[in-house]
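Here are a few exercises to work through with the model open beside you. Try each task before reading its solution.

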Amino acid sequence: MERPKAIHLHKIPGLMPDCNEDMYHYKYRNQWADYQKTEKFYEQFPPEVGQTVVVLRTFWQEMLKPHILEIEVIHERGGIIVNHNHQDYAGTLFLKNGQNWKAKRSQTWLVPAELYKDIPKKKKDRWERYNHSEMVAEELNTNDLIEIVGGQDRFKEIIDKIMEDGTTYSKAKKILSLQLASEEEAMSTGFIRGATRAQNRFGRRMY
């Protein structure tokens, strides 16, 4: 049987490397269904170095921007090794069903490019998509936020605090993102000489 062909994911807006993930909606996928489909696919078409795969991750019921990349190494036991950008929790080795070997219960998994057909949709309203004419700072994406505040647990703690007054998760993330970006810009231009709030290891305010 001939191996199916994948669509050119690198050319699709929202999936291209330079696209801002916060400008797009990514269709939520069933992780367990993907495990079954991926295992079946690789039984018919074993993975090889250089083939394109998609590393997926969810956070708080939200699908983050998929990372599209090529297989770098096939482990001696058949596992797939890729240097993906969701390594703050999950490792680089994936099993043949797409499950992450290091964090088997994590929200990070892999599918062959041939099984990924979801086209991102561009966000429209103000809270979904920031307006450069109204907002001075550039909004940071979710992965940047997690790194800046020092990890996923700290990010969740800060977002929970912002949401205490009934603010939605999407809006809370925008507030944190824009505040951190604004403070970084102000510090870099000399408007802020010192920080009075708690800082993380990057020297930026966390909330």
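**Exercise 1. Helix against helix**

Work out how the axes of α2 and α3 are arranged in this predicted model, and which residues meet.

Solution. Start with the axes: those of helix α2 (residues 142-149) and helix α3 (residues 152-162) come within 7 Å and cross at roughly 100 degrees. Angles of 65 to 115 degrees count as roughly perpendicular, so α2 and α3 are roughly perpendicular to each other. Next, look at who meets whom. From α2 come Thr142, Leu145, Ile146 and Val149, and they meet Gln152, Arg154, Phe155 and Ile158 of α3. Finally, sort this contact by class: five residues are nonpolar, two are polar and one is charged.

**Exercise 2. The chain as a whole**

Find out how many helices and strands the chain has, and in what order they run.

Solution. Count first: there are four helices and nine strands. Then walk along from the N terminus, and you get β-α-β-β-β-β-β-β-β-β-α-α-α. Now for cover: of the 207 residues in the chain, 47% are buried. The accessible surface adds up to about 11900 Å², with 49% of that belonging to carbon and sulfur atoms. As for contacts with a separation of 6 or more, 60% of them are between residues 24 or more positions apart.

**Exercise 3. The partners of β2**

Which strands does β2 pair with, and over how many bridges?

Solution. Take the partners one by one.

- Strand β4 (residues 67-70) pairs with β2 over four bridges, in the antiparallel sense. Here Thr52 stands opposite Glu70.
- Strand β8 (residues 108-112) is joined to β2 by five bridges, and again the two run antiparallel. Val55 has Leu110 as its bridge partner in β8.
- Strand β3 (residues 62-63) is joined to β2 by two bridges, also antiparallel. On the β3 side, Glu62 is the bridge partner of Phe59.

Now check the turn from β2 to β3. This hairpin has two residues between the strands, and Trp60 takes a positive phi near 55 degrees there.

Last step: is β2 mostly covered or mostly open? Strand β2 (residues 52-59) is mostly covered, with seven of its eight residues buried.

**Exercise 4. A three-stranded sheet**

Give the strand order of the open sheet that holds β5, β6 and β7, and say which strands stand at its edges.

Solution. The order in this open sheet of three strands is β5-β6-β7, and the pairing is antiparallel. β5 (73-74) and β7 (93-94) each have a single partner strand, so they stand at the edges and one side of each is left without a neighbour in the sheet. To see one pairing up close, go to β5 and strand β6 (residues 80-81): they run antiparallel and are joined by two bridges. Val73 has Ile81 as its bridge partner in β6.

**Exercise 5. Placing Trp101**

Where does Trp101 sit, and is Trp101 buried, partly exposed or exposed?

Solution. Locate Trp101 first: its place is in the loop between β7 and β8. Then take its relative accessible area, which is 48%. Buried means under 20% and exposed means over 50%, so Trp101 is partly exposed. Now look around: leaving out residues up to four places away in sequence, Trp101 touches Leu93, Phe94 and Leu95. To finish, check the backbone: the C-alpha atoms of Trp101 and Gly91 are 7.0 Å apart, while the two residues are 10 residues apart along the chain.

Key
Residues numbered from 1 in each chain as written. Predicted model: local features only at pLDDT ≥ 70, side-chain atom pairs only at ≥ 80, totals over all residues. Heavy atoms only, no water. Buried < 20%, exposed > 50% of the residue type's maximum accessible area, 1.4 Å probe, protein only. Contact = heavy atoms within 4.5 Å. Areas by Shrake-Rupley, 256 points an atom, 1.4 Å probe, with all protein chains shown as cover. Pairing = 2+ DSSP bridges. Axes fitted to C-alpha atoms, helices over the stretch in contact; angles between N-to-C directions. Parallel < 35°, antiparallel > 145°, perpendicular 65-115°, else oblique. Nonpolar A, V, L, I, M, F, W, Y, C, P; charged D, E, K, R; others polar.
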